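Subject: Structure handover

Hello,

Here is the structure I promised you. Please open it first, then read my notes below.

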There are 2 protein chains.
Amino acid sequence: MGAGGSLREVSRRAVQSRIARTAEALFVAKGFEETTVDEIAAAVGMSQRSFFRYFASKDEVVLDSVERLGEELSARLEARPCGESVWDSLRRAFDPVVERLADPAVRERDRVLHEIVSASPRLLAAYLGRLDLLQRSLSELLVERAGRSGDEPDAVVVRAIVGGAFACLQAASLHCGTDPEVFGPCLDRTMEALRPVAA
Amino acid sequence: MGAGGSLREVSRRAVQSRIARTAEALFVAKGFEETTVDEIAAAVGMSQRSFFRYFASKDEVVLDSVERLGEELSARLEARPCGESVWDSLRRAFDPVVERLADPAVRERDRVLHEIVSASPRLLAAYLGRLDLLQRSLSELLVERAGRSGDEPDAVVVRAIVGGAFACLQAASLHCGTDPEVFGPCLDRTMEALRPVAA
DNA sequence: CAATGATTGACAGTCACTGACACTTTCCGG
DNA sequence: CCGGAAAGTGTCAGTGACTGTCAATCATTG
């Protein structure tokens, strides 16, 4: 089935990565809105048209890594045991977000990305849109899981709980830095404060 | 100080309202992305340039009402007593959102707006961006309030709690309709489930 | 009536993004 | 080694959101 010719996919990813790094440097230097796609394409050494063959939009260059983190997060959540509470499963699914920060290189890149995103209202909105999409799919997953284990799940409450967990994640990443020694406890503190009474 | 020449402001609002109603009709009929600003301007009977004198962007036409609701919500929260818990203050601040739905005309408009927003990923993202902005300002307000009443407020936790409350609101407005008899209890149910242990 | 300031339309320009087409490079069986 | 399909690329033209500018109009006020 058409998903993933491995050899070519690798080189595609390599080109995407090259574009992303180049673009991020420009975004940091001049700002996101102030950098045109033409400039990025020229800096990479390709036509504007080709840029859009690797990224569907200018936003995508920055949000692509969020997408990938979302997939991992989704996979982690799916791997959690059915008996575990929704809240704890979510907290564990967030582990990679914290663990990533152990690598200084990753930490630096996250910092840069965060700076770019939070400096542009439009990008920030697009970012939140992605998170919302992710929350929807995680909610569905959890509702289905609850149904499997015999519970009668309340879809609205599950959705609210997932939203609450992401609110904790968002608050932590906003107020605490990218230092894992600070971020982790910070996330735990917020998630303890908001822990649902039952679920 | 420069805020609000009353006479002219009124007529400006009237024009904005006329544009908004016209545009919303077109959005429902053809979809948001498929409706061009030229079409809206022509339908209202003005130049495209003038359209942009009343709304900074096409998004703004739809999100303007969200903005106004946000201001009311902010004012309500500020009016709550300092002694009240953060969570209860937020729940009470949400009251106008529920009460608005008592008026069938308002309910219908909310339904239309909701339909338009949720049908366009870009608009939805912009909407979430506004909510995020609102959450920031409410968080600041609550942190300051907690400081006034002698508590030592934890800004991160407050931010997470505000985010959690909005997650409840969002979940309710997503899963329950615009019927106030359904929406209200739905909101209460989610907010009871997520009520923070202390705060 | 004349001066003034706000509102507007017309026009031109930028930038994100898309579709079409021609060209080249790569790959593969014969 | 060759011929042709497949994939990648550049060029060009076009759409649509948005902005700056300027001249004309309109209402207000002295």
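Chain B and chain A share 2 salt bridges (a side-chain nitrogen of Lys or Arg within 4 Å of a carboxyl oxygen of Asp or Glu). In a salt bridge, the side chains of R189(B) and D154(A) meet at 2.0 Å, N to O.

This is a predicted model: local features need pLDDT of at least 70, side-chain atom pairs count only at pLDDT 80 or more, and totals for chains, interfaces and linings use all residues. Residues are numbered from 1 along each chain as its sequence is written, chains are lettered from A and ligands numbered from 1 in the order in which they are written, and side-chain values use heavy atoms, with hydrogens and water left out.

Now the interface. In contact (heavy atoms within 4.5 Å) are 34 residues of chain B and 34 residues of chain A. About 2,500 Å² is buried between them (accessible area, 1.4 Å probe, lost on being put together, summed over both). Carbon and sulfur atoms give 73% of that area. V156(B), A193(B) and L194(B) supply 21% of what chain B buries, more than any other three residues.

Next, α10(B), one of the helices (DSSP runs of H or I, at least four residues, numbered from the N terminus). Its 14 residues should span 20 Å at 1.5 Å a residue (times one less than the number of residues), and its end C-alpha atoms are 20 Å apart, which agrees. Buried residues there (under 20% relative accessible area, 1.4 Å probe, protein chains only) include F183(B), L187(B) and A193(B). Their cover includes α9 of chain A.

Best wishes

Definitions and conventions. Buried area is the accessible area (1.4 Å probe) that two parts lose on being put together, summed over both. Helices (H or I, at least four residues) and strands (E, at least two) are DSSP runs, numbered from the N terminus. Buried means under 20% relative accessible area, exposed over 50%, partly exposed in between (1.4 Å probe, protein chains only).
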